[in-house]
Amino acid sequence: MDAIDGRRSASVRLPSDAASVRRAREHVAAFCDGHAIGADVRDVVRLLVSELATNAITHAAGEVVVTVRIDAELLTVEVADGSTRQPRPRDASDVDPADWTALDEHGRGLQLVQALADTWGVETDRDGKRVHFSVNPAAVAYDEHLRSPA
């Protein structure tokens, strides 16, 4: 992993295996810590990069590249892979209720990205795709979204 304290962006190349999801989380968390991003925002960014890295590892072949950068207002995370297949958010209407089980855990990570990120999107080119999201660390108290009801 690149040294990231004080840098405006940092990338890490990861193999396509399950352990890389943990490394992606560690990469963005270290970047957030190095830029004094609050714990509530850091935790949301870790959750969202977990979803994108899991999708990339599950649905694409080859290396995954996780890039995190910060500018005056936004913290942006990008996960690149070698597949041009477009991700799409699923919801309950995508699944026949007769086929749904309590073990149906896949396909809803992009809903989290939509709900918690300020922006998100996908860009494709001949080499694959980049799925990205941005959050404004100063604008939202993300911990309000994550608290359990009392």
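## A walk through the fold

From the N terminus on, the elements of the protein chain follow the pattern β-α-α-β-β-α-β-β-α. That gives 4 helices and 5 strands in the protein chain. Please keep in mind along the way that this is a predicted model. The chain has 150 residues, and 37% of them are buried. Its accessible surface comes to about 8400 Å², with 49% of that belonging to carbon and sulfur atoms. If you think in contact maps, here is a useful number: among the contacts in the protein chain with a separation of 6 or more, 59% are between residues 24 or more positions apart.

Let us begin with the sheet. Its 5 strands form an open sheet in the order β1-β2-β3-β5-β4, and the pairing is antiparallel. The edges are taken by β1 and β4, each of which has a single partner strand, so one side of each is left without a neighbour in the sheet. On average, neighbouring strands of this sheet are turned by 15 degrees against each other, direction ignored. As a general reminder, strands of a sheet pair through backbone hydrogen bonds, either parallel or antiparallel.

Now we can go through some of the pairings. Strands β2 and β3 run antiparallel and are joined by 6 bridges; in one of these pairs, T67 has E78 in β3 as its bridge partner. Next, β3 is joined to β5 by 7 bridges, again antiparallel, and here V79 has V131 in β5 as its bridge partner. Finally, 7 bridges join β5 to strand β4, residues 119–125, and these two run antiparallel as well. A hairpin connects β4 to β5 through 2 residues. For landmarks along this pair, look for D125 with its bridge partner G128, and for T119 with its bridge partner S134.

How enclosed is β5? Of its 8 residues, 7 are buried, so β5 is largely enclosed by the rest of the structure.

E78 deserves a stop of its own. This residue sits in strand β3. Is E78 buried or exposed? Its relative accessibility is 15%, and because buried means under 20%, E78 counts as buried. Leaving aside neighbours within four places in sequence, E78 is in contact with V65, V66, T67, R69, R130, V131 and H132.

From the sheet we move to the helices. α2 packs on the sheet, where it touches β2, β3 and β5, and its direction makes about 15 degrees with that of β3. With 21 residues at 1.5 Å a residue, α2 should span 30 Å, and its end C-alpha atoms are indeed 30 Å apart, which agrees. The buried residues of α2 are V41, V44, V45, L48, V49, S50, L52, A53, A56 and I57.

α1 tells a similar story in its own way. This helix has 16 residues and reaches 23 Å from its first C-alpha to its last, close to the 22 Å expected at 1.5 Å a residue. In α1, S20, V21, A24, H27, V28, A29, F31 and C32 are buried, and what covers them includes β1, α2, β2 and β3. Just after α1, you will find A36 with a positive phi of about 55 degrees.

With strands and helices in place, we can look at what lies between them. In soluble globular proteins, nonpolar side chains tend to be buried together. Here, the largest nonpolar core has 32 residues, and those with the most contacts inside it are V45, V66, L75, V77 and F133. At least two residues of this core come from each of β1 (9–14), α1 (19–34), α2 (39–59), β2 (64–70), β3 (75–81), α3 (109–116) and β5 (128–135). Which element supplies the largest share of this core? That is α2, with 9 residues.

F133 makes a good final viewpoint, as one of the residues with the most contacts inside the core. Not counting residues up to four places away in sequence, F133 touches V45, L48, V49, L52, L75, T76, V77, V113, A117, T119 and W120. Among these, V45, L48, V49 and L52 are also buried residues of α2. Selecting F133 and its contacts in your viewer brings together several of the places visited above, including V45, L75 and V77, which are likewise among the residues with the most contacts inside the core.

Terms used
Residues are numbered from 1 along each chain as its sequence is written. This is a predicted model: local features need pLDDT of at least 70, side-chain atom pairs count only at pLDDT 80 or more; totals for chains, interfaces and linings use all residues. Side-chain values use heavy atoms; hydrogens and water are left out. A nonpolar core is a set of buried Ala, Val, Leu, Ile, Met, Phe, Trp, Tyr and Cys residues joined through side-chain atoms within 4.5 Å. Buried means under 20% relative accessible area, exposed over 50%, partly exposed in between (1.4 Å probe, protein chains only). Contact means heavy atoms within 4.5 Å. The expected span of a helix is 1.5 Å times one less than its number of residues. Two strands pair if DSSP finds at least two bridges between them. Axes are lines fitted to C-alpha atoms, for helices over the stretch in contact, and angles run from 0 to 180 degrees between N-to-C directions. Accessible areas come from the Shrake-Rupley method with a 1.4 Å probe; for residues, only the protein chains shown count as cover.
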